[in-house]
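Student: Please take a close look at one part of this model, namely its internal packing and the spaces left beside it. A connected account would suit me better than a list.

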Amino acid sequence: MKKIKKYLKKELTKERYHHTESVAYIAVAMAMRYNPDTTNSDFADKAMIAGMLHDCAKCMDNEEKLRICDKYKIVYSELEKENAFLLHGKVGAHIAKNEFDIDDEDILNAITWHTTGRPGMSLLEKIIFIADYIEPLRKPLPEMDVIRQLAFVDIDAALLKILANTLNYLEEKGEPMDPMTQETYRYYIASCESKA
């Protein structure tokens, strides 16, 4: 963890580093709440690593993100090409793997998909996605108090609320919507309806 923290302090702004630490601690708390195997603390460790590395490429220049994607054949969409800031999850997973020898697919996926989500997310992916949204240093967003409570009661309901709020926000602002976020929202709407 020392190597990760040293790297992040060099690569991130002070505010982004504080956000990252905050996400990691929320992720660990959620991992302890939802740990599928209470005899095994590895899950909380994975949450800490994914939380610390989720934004490791956030402050990187957009041209550099595209250059890395092209060099290492990381697939990106036309939307991501035009809005390269959206690539920080994919590039972050590449850095986690190549800079810190993280080969756990669950951790790499949690980093990759932490902004858009994706259909069929693992528990760890859901935790990082939600922790990034609810961490205490984040500026207040609609229904934040409700979502923060839901995060520790019904993880899928919290996920769905975040997706809905994100899509509403982007639509109101007229900002580009990643099709993956829309696809994820539709998937979890259907998933929650089938459970009802």
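Tutor: A crossing is left-handed if the near helix is turned anticlockwise from the far one by less than a right angle, and right-handed if clockwise. Helices are DSSP runs (H or I, at least four residues; strands are E, at least two), numbered from the N terminus. The model is predicted, with local features needing pLDDT of at least 70 and side-chain atom pairs pLDDT 80 or more, while totals for chains, interfaces and linings use all residues. Residues are numbered from 1 along each chain as its sequence is written, and side-chain values use heavy atoms, without hydrogens and water.

Start with helix α8, residues 123-134, which packs on helix α3, residues 42-53. Their axes (lines fitted to C-alpha atoms over the stretch in contact, with angles from 0 to 180 degrees between N-to-C directions) come within 10 Å and cross at roughly 45°. The pair α3 and α8 is therefore oblique (under 35 degrees is roughly parallel, over 145 roughly antiparallel, 65 to 115 roughly perpendicular, the rest oblique). The crossing of α3 past α8 is right-handed. On the α3 side the contact (heavy atoms within 4.5 Å) uses Phe43, Lys46, Ala47, Ala50 and Gly51, and on the α8 side Leu123, Leu124, Ile127 and Ile128. By class, this contact of α3 with α8 holds 7 nonpolar residues, 1 polar and 1 charged (nonpolar: Ala, Val, Leu, Ile, Met, Phe, Trp, Tyr, Cys and Pro; charged: Asp, Glu, Lys and Arg; polar: the others, Gly among them).

Helix α8 also packs against α2: the two axes come within 8 Å and cross at roughly 135°. That angle makes α2 oblique to α8. Here α2 passes α8 in a right-handed crossing. From α2 the contact takes His19, Val23, Ile26, Ala27, Met30, Ala31 and Tyr34, and from α8 it takes Leu123, Ile127, Ile128, Ile130, Ala131, Asp132 and Ile134. The contact of α2 with α8 divides into 12 nonpolar, 1 polar and 1 charged residues. Leu123, Ile127 and Ile128 of α8 thus appear in the contact with α3 and in the contact with α2.

The largest pocket (an open set of points on a 1 Å grid over the protein atoms alone, with protein on both sides within 12 Å along at least five of seven lines; lining residues have an atom within 4 Å of a point) holds about 1000 Å³ of space (volume is the space filled by probe spheres set on points joined across faces, edges and corners). Its lining has 32 residues, and the closest to the pocket centre are Lys58, Tyr133, Arg138, Thr166 and Tyr169. Three elements give two or more residues to this lining: α2 (14-34), α8 and α10 (155-173). Helix α10 gives the most, with 7 residues. The lining of the largest pocket divides into 11 nonpolar, 10 polar and 11 charged residues.

A further helix pair is α4 (residues 62-71) and α6 (residues 88-100), whose axes are 10 Å apart at an angle of about 60°. Helices α4 and α6 are therefore oblique to each other. Their crossing is left-handed. Lys65, Ile68 and Cys69 of α4 meet His88, Val91 and His94 of α6, which gives 3 nonpolar, 2 polar and 1 charged residues in the contact.

His94 is also in the lining of the second largest pocket, with Ile74, Ala93, Lys97, Asn98, Glu105, Leu108, Asn109, Thr112 and Trp113. The second largest pocket holds about 190 Å³, and α6 and α7 (105-112) are the elements that give two or more residues to its lining. By class, this lining has 4 nonpolar, 4 polar and 2 charged residues.

Enclosed space comes last. There is 1 cavity of 30 Å³ or more (a cavity is a set of points where a 1.4 Å probe fits but cannot get out). The largest cavity holds about 30 Å³. Tyr7, Glu11, Cys56, Ala57, Cys59 and Met60 line the largest cavity, and these divide into 5 nonpolar, no polar and 1 charged.
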